[in-house]
Structure formats: C-alpha cells, structure tokens
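This report introduces one structure to a reader who has not met it before. Please view the sequence and the model together.

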Amino acid sequence: MRLTCMFSFILLFGAAGLVVFIHLQDPEEIVHQQTPGIKYNMGFQQPKKDCVSSNNQERRKNTADGVATIKQSDSLHLSESVPTKLQSTDRRQSSIMFAMKDQEKGEEINSIRLHKRRRKFIIKKSPILISMNSSVLNLPTLKSEDRNNNKWKSLYQIQRERKQIMRETCSKYKSNNRRIITPYHVSRIFVEDKYRVLYCEVPKAGCSNWKRVLMVLNGLASSTKDIQHNTVHYGNYLKRLDGFDHKGIYHRLNTYTKMLFIREPFEKLVSAFRDKFEHPNNYYHPVFGKAIISRYRVNATKEALRTGSGVKFKEFIQYLLDVHRPVGMDIHWDHVNRLCSPCLIDYDFVGKFESMEEDANFFLHLIGAPQNLTFPKFKDRHSNEERTTTKITQQYFAELSPSQRQRSYDFYYMDYLMFNYSKPFEDLY
C-alpha cells in the first residue's frame, strides 16, 4: 500500500512539474521558426573593445555554424564596361536569412516583466544568417583613364592575387564555407557612410591613422593632422557596424567597400609588446603585467608584483602560448582571422602595413576620395622611437628558444598562410 502511494505521488509530481514548465517557457526560446535548409545556432555577442585597451579576447569563439548558400566572386574584377565609382546594380543578389522571427503581437499582453526582458535578450543575441562570401554590387573598379596606367593596373592585380590566396586558404583549412554572421563578427568594423566604406580595425597595422582618414572622409575634420590620439580612440565619433540593426548591417555588408590592413604577425606582435610593456601604461601593466610576472617570473620582487612593470619579452611569449593564461587574450596580439573573420566576410580590399602608403593611397583613389587626402605618415605614439622593423623583430625573437619560436609561428600560422607572409626564420617548419 505504501509503495503504491509513493509511486502515485511521484507520477503526480512529475506531471505537475511538466505542466508548469510548458506554461512558463517562451515558444521563441524553445523552437525558432525554421526555414527549410537553415540550421539555427545562437550567436554570442561580446562587449566592444577599442584599439587602445581590451581584455579577455580569449573567450571569444566563432559560433558561426549555420547554412547559407555562398558563392565565391571577385568583387575587385576589372570590368570592360563603363566604370563607376561605386556601381549600384544588383546583379548578384546574395541570399539573406534572418534567424530571428518577429515578436507575435497581441498575445499575452499581461505577461510578467521578467518574461518580456528574457524575450528581448534572446532577440538581441540572435545571429544574422547572411551569405557574405560574395558582394552584391560590383565594387570599386578601375576608371577608364586608369586602365592604361601601369601603376594602377599593377596594384589592382596585387589585390586580385591577395584575395585569391585568402579565399583558397579559407576553402582549404575551414571545415566548410557555410557560416552565420553575428553582430559579434562585425564588432571591429567601423562605418563611414559618406564614401560607403567599412574598415576592419587591426591594431598595430595603422589603425589610428586609418580612423583619422575615416573621420576626414566623414567631414569631422579637415585634416588628419588636426586629430589627436585621444580623439581618435576615445571620442566615439566613428560608428561600428554592430551598432546597426540587422537590416542596416546587411545593407552595408553588401553595398559598401569592405577593407582591412594587416601586418607581418611577428612584427605586429613585437610592436604591440614594445608599445604596451616598454612604456608607462596604466592599463596593460596592472592588468596583464602583474599576472604575467606573478605566473612566469621566478623570485619576482615585491615592486614588480605590485606594479606589473618590466615584463620581459620571453615572459610575454610564455603567457601568449599558455593554454591556461592567467589573463585573457587582447586584440593587439590576437589573430587577424579572429578579429576580422575574413573567411566569413568577403573583403574587397586587403592592404599591407609593409606597403601602407602605396596601398592606402590606391584605396583612396578607388573610392573617389578628395585628391588632397593622403594617408598620414606620422607615427601616432612614441614618435621619437624607431618603428618596429624586421631587424628589431628578429632581435626580440632571438631571445627565445627554437621551440618557442616554432610554437609562436604555429600560433599565427593561419595569418601567415592567409596573407601570404613568408616564414620569418629558416628553422621553422
């Protein structure tokens, strides 16, 4: 008798719990309306971080596994038709799918506030399903008067080759070319609406001066020389792409000229180290320096542990290669592959720091920028200090063991491949 009562009680309790669970759940949170052929995945959006200070980038993971038909196309192709600055013909319409359905209206008006807040949170985090490995529009093409100019033709061909290598690398090393673009993926892209430019910020690859150029293009300043460092990074004058709604993001990704500038990975790494750890810094020393010295320095002094100043390059590399880092990743030494998602977003222009002046001014020529606007040559910070060169980079890496150099190369392997940089040391494999 007692066993029968206990069994009946368990069944009733389970049934009641199931009823309460079903009643409280939001249908949008359980099953999203699906279009045939679309796999839904929840994207996670991280807080924005600027070129100057950021932390915990290690936690960022691309949650972009969905289905979107992607067609490869070369947006920088040399057209024989009459060129325009930015043509607006929709000859190759990309497929757009949004993984968020509209909120049902008129239903459960008197729902509790917590339920409404939960729904808003879920909608805000929903990813945008956009096939973005092709551009809808025929973006910058050489003007008719430039086609007989050997310099422009040569630079144009270099762009085609860089894009081709980038695509081939993505195709070879990525599991598939079907991805979901979330607001997180475009969080490092700055928007200039007047000349229809999207710029993905890569720190230590001219990002401060590129922001100055975008501000001048937008009419916020008459000259790049007039814009101070703090204005560039803390003024919030430039809009980020993830600040727009889904429609705004889609429209700009498919109609604006998308560009990024990159730098040799080891040289970029040494430049970041010199800037952040060899000069007074009230963010990187206490946040990164203290953690690095505490973990990797034997018999560290109390002063070093208190201030975080004086981090050595070898200690910094130990932190970088440690899978259990005492402090998170940072955009200044993160992979370009993670910062700008070049296998998701089909960039129209890929410039290099090593040929910055030539590439930058060619880009400005392509978008029809004012002729008196050229890329600034001045050094943004520590102007009296020599720029980080290949020679200086080799001096820093000479402090490391062959094993540490190899592991550092492995760490940036995809960036080396994708942007066609040669091995920095002969003993690397």
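The sections below cover confidence, the sheet and one arginine.

## Basis and confidence

This is a predicted model, in which local features need pLDDT of at least 70, side-chain atom pairs count only at pLDDT 80 or more, and totals for chains, interfaces and linings use all residues. Residues are numbered from 1 along each chain as its sequence is written, and side-chain values use heavy atoms, with hydrogens and water left out.

The chain has a mean pLDDT (the predictor's confidence in each residue, from 0 to 100) of 77, and 67% of its residues reach 70 or more. The pLDDT is below 50 over residues 23-50 and also below 50 over residues 53-126. Where pLDDT is low, the predicted coordinates should not be read in detail.

## The sheet

Five strands (DSSP runs of E, at least two residues, numbered from the N terminus) form an open sheet in the order E5-E3-E4-E6-E7, with mixed pairing. Strands E5 (239-240) and E7 stand at the edges with a single partner strand each, so one side of each has no neighbour in the sheet.

Strands pair if DSSP finds at least two bridges between them. E6 (residues 257-262) pairs in the parallel sense with E4 (residues 197-200) over four bridges, and with E7 in the parallel sense, also over four bridges. Valine 197 stands opposite threonine 257 in E6, while isoleucine 262 has lysine 352 in E7 as its bridge partner.

## Arginine 212

Arginine 212 is found in helix H5 (residues 207-217); helices are DSSP runs of H or I, at least four residues. Arginine 212 counts as buried (under 20% relative accessible area, 1.4 Å probe, protein chains only) because its relative accessibility is 2%. Its contacts (heavy atoms within 4.5 Å), not counting residues up to four places away in sequence, include Thr224, His229 and Asp380.

Technical notes: Buried < 20%, exposed > 50% of the residue type's maximum accessible area, 1.4 Å probe, protein only.
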